[in-house]
Amino acid sequence: MPRISLTPPRTLLMRIGAWYSRRTYGKVLDPGQAYGHNARVLFSYVRLEQQAAKWNALEAGLKHLAVMAAAARINCSWCMDFGYWEGHEKGLSTRKIELVPRWRENREAFTALEALVMEYAEAMTETEPSVTDELAAELIARLGEAAFVELTAVVALENWRSRVNSAFGLTSQGFAEACTITPV
């Protein structure tokens, strides 16, 4: 049960956001409804998400695995649900997406680089980040500095999303169930 009302004031910004959300995702996203109680925070957050969507130095599949690994580490059910749907929409391997929370036990499903990216996302997500010099150096060597910066930023953004959604008490909105592929 959400800790905050999901019925914010019906401002012009909220009406436009609800229209866009229904058109893009098929429903109004709960995080948007929660943020809607503070128009400045909502507007700033939406602008950040719009800009982050344009980042392209890191391969999209790696980016998605990093986001999912951070969400799984924080245990944000809303983010995991939405992330499953989003990965499905992008044509990513459903099996990989489902295995992200248990990637260490299922290493054979991931490439060495994918495992490194998820390890980095988890290390960044720790309450006291546990990123090592060696892990960062290996990722920079394999990805390049521009992609490494993007990886770091996208994991930080997912930490924001997951921690806010968890604090708001948001849970699954049924995105994963809407996917046409049956989970393994």
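**Exercise 1. Aromatic pairs**

Task: Count the aromatic pairs in this predicted model, and classify the pair of Y25 and W85.

Solution. Start with the rule: rings of Phe, Tyr and Trp (its six-membered ring) pair if their centres lie within 6.5 Å; planes under 30 degrees apart count as stacked, over 60 as edge-to-face and the rest as tilted. By this rule the count comes to eleven aromatic pairs. The ring centres of Y25 and W85 are 5.8 Å apart and their planes stand at 70°, so this pair is edge-to-face. Next, place the two residues: Y25 is in helix α1 and W85 in helix α5, so the pair ties together parts that are 60 residues apart in sequence. Helices here (H or I, at least four residues) are DSSP runs, numbered from the N terminus.

Residues are numbered from 1 along each chain as its sequence is written. In this predicted model, local features need pLDDT of at least 70 and side-chain atom pairs count only at pLDDT 80 or more, while totals for chains, interfaces and linings use all residues; side-chain values use heavy atoms, with hydrogens and water left out.

**Exercise 2. From W85 to F175**

Task: Decide whether Y25, W85 and F175 are buried, partly exposed or exposed, then classify the pair of W85 and F175.

Solution. The cut-offs are these: buried means under 20% relative accessible area, exposed over 50%, and partly exposed in between (1.4 Å probe, protein chains only). With a relative accessible area of 24%, Y25 is partly exposed. F175 has 1% relative accessibility and counts as buried. W85, at 11%, is buried. The rings of W85 and F175 have centres 5.3 Å apart and planes at 55°, so the pair is tilted. W85 belongs to helix α5 and F175 to the segment after α9, so this pair ties together parts that are 90 residues apart in sequence. Y25, W78, F82, W85 and F175 form one aromatic cluster. Finally, K27 lies over the face of F175, at 4.7 Å from the ring centre; the rule asks for NZ of Lys or CZ of Arg within 6 Å of the ring centre and within 35 degrees of the ring normal.

**Exercise 3. Helix α5**

Task: Compare the span of helix α5 with the expected span, and find what its buried residues pack against.

Solution. The expected span of a helix is 1.5 Å times one less than its number of residues. Helix α5 (residues 77–89) has 13 residues and reaches 18 Å from its first C-alpha to its last, close to the expected 18 Å. Ten of the 13 residues are buried, so α5 is largely enclosed by the rest of the structure. Among them are W78, F82, W85 and H88. The buried residues pack against α1 (12–25), α2, α4 (60–74), α6 (94–99) and α9 (145–168). Just after α5, G91 takes a positive phi of about 80°.

**Exercise 4. N75, on the other side of α5**

Task: State what is unusual about the phi of N75, and where N75 lies.

Solution. Most residues other than glycine have a negative phi. N75 has a positive phi of about 70° although it is not a glycine. N75 lies in the loop between α4 and α5. Its relative accessible area is 63%, so N75 is exposed.

**Exercise 5. H64 and its contacts**

Task: Which residues does H64 touch, not counting residues up to four places away in sequence?

Solution. H64 is in helix α4. At 4% relative accessibility, H64 counts as buried. Contact means heavy atoms within 4.5 Å. By this measure H64 touches G83, E86, G87, K90, L92 and I97. The C-alpha atoms of H64 and K90 are separated by 9.6 Å, and the two residues are 26 apart along the chain.

**Exercise 6. Q33 in helix α2**

Task: Is Q33 buried or exposed, and which residues is Q33 in contact with beyond its neighbours within four places in sequence?

Solution. Q33 lies in helix α2 (residues 30–35). Its relative accessible area is 17%, so Q33 is buried. Leaving aside the neighbours within four places in sequence, Q33 is in contact with S5, L6, P8, M14 and V28.
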